[in-house]
Amino acid sequence: MSDTSLPAQASPFPELEELALNLRWTWNRSSDELWGKLDPELWELTQNPWVVLQTVSQEKLRAAAADPAFRGRLEELLKEQHAEAESPCWFRNTHADANLKCVAYFSMEYMLNEGLPIYSGGLGNVAGDQLKAASDMGIPVAAVGLLYQQGYFRQEFDSSGAQMALYPFNDPGQLPITPLREKNGEWLRLPVALPGLKVWIRAWQVRVGRTKLYLLDSNDPANPPAYRGITSELYGGGPELRLKQEIILGIGGWRLLRWLGFRPEVCHLNEGHAALAVLERARSYVKDTKQPFDVALAVTRAGNLFTTHTPVEAGFDRFSPDLMAKYTKVYAEELLGISFHDFLALGRRNPDDASEPFNMAYLATHGSGAVNGVSRLHGQVSRRIFEVLFPRWPEREVPVSHVTNGVHVPTWESPDAKKLWAGVCGAELWMGDTACLESDLRKLTDAQLWQLRMNTTKGLIEYTRTRLVRQLGTQGASAAEIASAERIFDFNVLTLGFARRFATYKRPNLLLQDPERLVRILNHPQWPVQLILAGKAHPQDLGGQAMIKQWNEFIRRPEVRNRVVFLSDYDKLLTRQLVQGVDVWVNTPRRPWEASGTSGMKVLVNGGLNLSELDGWWVEAYSPDLGWALGDGKEHGDDPAWDRAEAQALYDLLEREVVPAFYQRDEQGIAPAWVAKMRESMARLTAQFSANRTVREYTEKHYLPAAAAYCQRASNNGKFGVELLEWKRLVATHWANLRFGGAQVETRDHSHVFEVQVYLDELDPEAVRVELYAESGNGEEPSRIPMTRGAALVGAMGGYLYTATVPATRPAGDYTPRVVPFKEGARVPLEASQILWQR
């Protein structure tokens with residue numbers, strides 16, 4: 001494995017560098033005091049130790065180095081960091097003998113800290129939190145992403161309240177990253193072929209506790225200007241730029257891991273952006289074993305996991321055949337050794353439709369051994385989306401499972417919440433099994449929980465005032481407006497939070513359906529409400545930008561000016577402050593367009609409550625004793641009448657349930673009904689929707705089985721892959737000639753006895769399974785009863801009589817005989833999607 005080095009101009013204080021360059025500080029806040037001592041104002045504004053270290057004078061650093069207290073605390077922190085890296089962890093303790101040595105984790109974005117702005121929103125949040133949880137649990141993950149020169153845009157408002165998109169440059173010297181170097185000290189530069197030239201890709205390392213994230217960057221001086229800008233911005237440009245980014249991420253990313261010495265058993269693709277990694281992984285196997293590409297893909301796909309994060313088919317990346325030919329035809333024919341037609345088939349529904357675009361999600365599906373959505377409902381939605389790849393299979397059997405997202409609790413908990421949880425559950429509560437947390441949390445008294453609410457809300461309001469003053473200052477506000485901002489909001493008033501990407505399907509303006517009613521709720525004489533908003537709209541989303549402006553225009557009304565604020569430039573720092581201090585997190589997406597949603601999960605550890613549409617994770621979480629729900633659990637599309645009805649329901653909930661529960665107090669000034677919900681929400685939901693649970697589930701449900709399957713297929717130089725391809729070839733050759741013959745069913749002794757004739761042409765009967773299938777109600781798994789093969793039918797080539805007996809607890813007509821491909825170790829229907837039903 002190659003060495004890495006620090007930037008050329010090293011600080012005279014290498015111990016501080018070591019601390020600053022490990023993003024463990026993004027959730028273990030014990031080093032905050034040191035950075036605050038070096039430059040209190042800069043630390044408060046940036047929350048970025050590396051910026052502080054790069055900015056403060058050498059004189060200050062020498063003074064800190066000479067301060068016994070400062071140096072003593074630094075040594076304690078480094079000792080603690082080193083001890084944690086070497087300490088026993090959940091994975092080592094639980095799965096010490098597993099074949100899993102490395103999971104290659106790919107994502108287009110990561111939200112680790114505002115000081116590393118390479119994220120946009122939901123996907124980056126999930127990837128960043130899972131990377132941190134993998135560190136906590138000791139799961140062997142090596143992550144890959146892109147280093148953007150501008151990242152996602154920064155947001156300001158103009159004088160009319162409209163959004164302005166700004167693109168400040170990401171100076172690598174100001175980011176907590178280090179360049180990867182060759183052993184001789186030269187900067188690592190990987191070549192990736194694009195039309196007409198070789199593009200040089202630089203690589204950077206980010207330490208995230210025990211884990212590492214590797215970032216690829218096209219901004220090498222040897223590249224032409226247009227190619228230096230491939231990694232210029234996240235989700236910017238058109239399809240051609242996006243395809244070039246995905247080539248670098250998928251193909252370049254896998255090559256980087258190989259160069260670093262990693263040989264991952266598992267490759268986890270988050271969205272289809274990195275789907276080309278499955279092809280480069282197979283190419284690596286070809287190079288190692290001299291097997292042909294189709295065998296290599298059959299072997300390696302068993303170790304690939306594809307997680308889809310989008311609830312709409314339109315969200316998949318598609319590229320025209322001409323564009324794919326321009327950038328990947330040579331790669332397919334010369335490096336993979338397959339025809340371009342066969343290459344395109346991997347990303348198509350119909351391989352022979354020359355006009356069909358190349359779909360990265362289809363490639364990821366065709367190249368993986370498992371596919372999952374990110375919530376239970378999203379799994380159902382995704383099965384509908386991917387059903388086109390598995391014609392005639394019941395929707396319930398489309399091979400898409402789910403692992404519900406969770407958040408990295410230590411990142412999002414407030415200092416007060418951390419202290420409270422640690423007091424009853426112990427300091428290491430998020431480092432392993434969380435089974436005891438619910439019972440431990442219930443030991444907290446009403447007074448302790450209410451005090452938590454008071455402390456965190458106070459902190460949020462103080463932060464809001466400071467940030468709003470700075471925001472108004474950049475907008476050229478008057479001295480009177482700034483003075484008013486310094487006093488805005490009340491510590492004792494119910495505080496709602498609404499912060500997310502402003503897009504039509506998220507319905508961020510549902511609360512503005514009846515502005516006058518909202519004004520009355522905000523200004524109730526005894527039970528007032530205050531609201532904090534934040535969120536960005538994509539620079540090309542004019543509808544989302546219009547909704548931001550509508551809110552800003554509403555806020556300018558004199559009667560609500562002190563009750564509502566819209567904080568600009570929604571980022572991780574602002575998110576953390578909001579989720580730590582709001583009383584209620586409001587979420588209003590159109591079902592089922594929120595794949596999971598994680599913002600509402602972040603308030604759980606801090607005692608915040610959720611008022612949300614029954615969509616995404618809230619479908620699994622909601623119960624009347626721990627929050628509030630909107631909607632009827634059905635899909636209504638973008639029906640304006642339904643939007644109006646749900647807006648009225650939202651107002652009703654606020655007026656009749658939420659607000660009264662907060663203000664109805666006992667003799668000690670505590671709201672007992674409110675605290676009861678806090679306790680239930682914290683106890684029952686925090687661990688369930690934590691990234692701790694998510695990465696454990698990924699490990700045990702997917703990573704470990706995938707690693708075992710890959711190792712089994714790769715053994716004996718890929719012998720299983722050769723056998724699998726031969727089985728698939730035979731099934732495909734004979735399937736059209738399979739047919740059912742006569743069938744009968746007899747009911748006796750409380751059982752149905754089925755007999756059915758099946759003609760298999762020249763196909764080996766061991767290559768298929770004949771079974772009875774019956775749908776099950778109440779969301780349960782369907783019944784699949786294997787039928788027993790009898791003797792061959794006399795006078796018929798390939799004909800057999802199959803029988804099965806089932807209890808007569810349901811009508812015989814509920815069961816339908818069918819034939820499906822079968823081979824031990826094969827993933828059906830993922831790897832063989834044929835199916836034959838008795839008509």
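In the predicted model, Glu655 is located in helix H27, which spans residues 640-663. The relative accessibility of Glu655 is 33%, so this residue counts as partly exposed, between the limits of 20% for buried and 50% for exposed residues. Apart from neighbours within four places in sequence, the contacts of Glu655 are with Arg517, Ile521 and Pro660. With Arg517, the interaction is a polar contact between the two side chains, at 2.6 Å. Lys536, by comparison, is separated from Glu655 by 119 residues in sequence and by 28 Å in space, taken from C-alpha to C-alpha.

Helix H24, formed by residues 572-581, is mostly covered, with 10 of its 10 residues buried. The buried set includes the charged residues Lys572 and Arg576, together with Leu573, Leu574, Leu578 and Val579. At the start of H24, the backbone nitrogen of Leu573 lies within 3.3 Å of a side-chain oxygen of Asp571.

Several loops contain backbone geometry of note. Most peptide bonds are trans, and most residues other than glycine have a negative phi. A cis peptide bond is nevertheless found between Arg591 and Pro592, with omega at about 5°; Pro592 belongs to the loop that links strand S18 (584-587) to helix H25 (599-602). Another cis peptide bond connects Val828 to Pro829, with omega at about 10°, and Pro829 is placed in the loop between strand S27 (816-821) and strand S28 (836-837).

Positive phi values occur at Gln47 and Arg507, neither of which is a glycine. For Gln47, phi is about 50°, and the residue sits in the loop between helix H3 (40-46) and helix H4 (49-55). Gln47 counts as buried because its relative accessibility is 10%, under the 20% limit. For Arg507, phi is near 45°, and the residue occupies the loop between strand S15 (494-499) and helix H22 (515-522). Arg507 likewise counts as buried, at 4% relative accessibility.

At the level of the whole chain, 29 helices and 28 strands are present. The radius of gyration is 29 Å, close to the 28 Å given by the globule rule for 839 residues, so the chain is as compact as a globular protein of that length. Along the principal axes, the C-alpha atoms fill a box of roughly 95 × 70 × 50 Å. Of the 839 residues, 59% are buried. Among contacts between residues at least 6 apart in sequence, 73% join residues at least 24 apart. The accessible surface is about 32,500 Å², and carbon and sulfur atoms account for 51% of this area. The chain carries 92 positive and 102 negative side chains, with the centres of the two sets 2 Å apart.

Definitions and conventions:
Residues are numbered from 1 along each chain as its sequence is written. This is a predicted model: local features need pLDDT of at least 70, side-chain atom pairs count only at pLDDT 80 or more; totals for chains, interfaces and linings use all residues. Side-chain values use heavy atoms; hydrogens and water are left out. Helices (H or I, at least four residues) and strands (E, at least two) are DSSP runs, numbered from the N terminus. The radius of gyration is taken over C-alpha atoms; the globule rule is 2.2 Å times the number of residues to the power 0.38. Buried means under 20% relative accessible area, exposed over 50%, partly exposed in between (1.4 Å probe, protein chains only). Contact means heavy atoms within 4.5 Å. Accessible areas come from the Shrake-Rupley method with a 1.4 Å probe; for residues, only the protein chains shown count as cover. The place of a charge is taken as NZ of Lys, CZ of Arg, CG of Asp or CD of Glu. A polar contact is a pair of N or O atoms within 3.5 Å; within protein, one must be able to donate a hydrogen and the other to accept it, and residues adjacent in sequence count only if both atoms are side-chain atoms.
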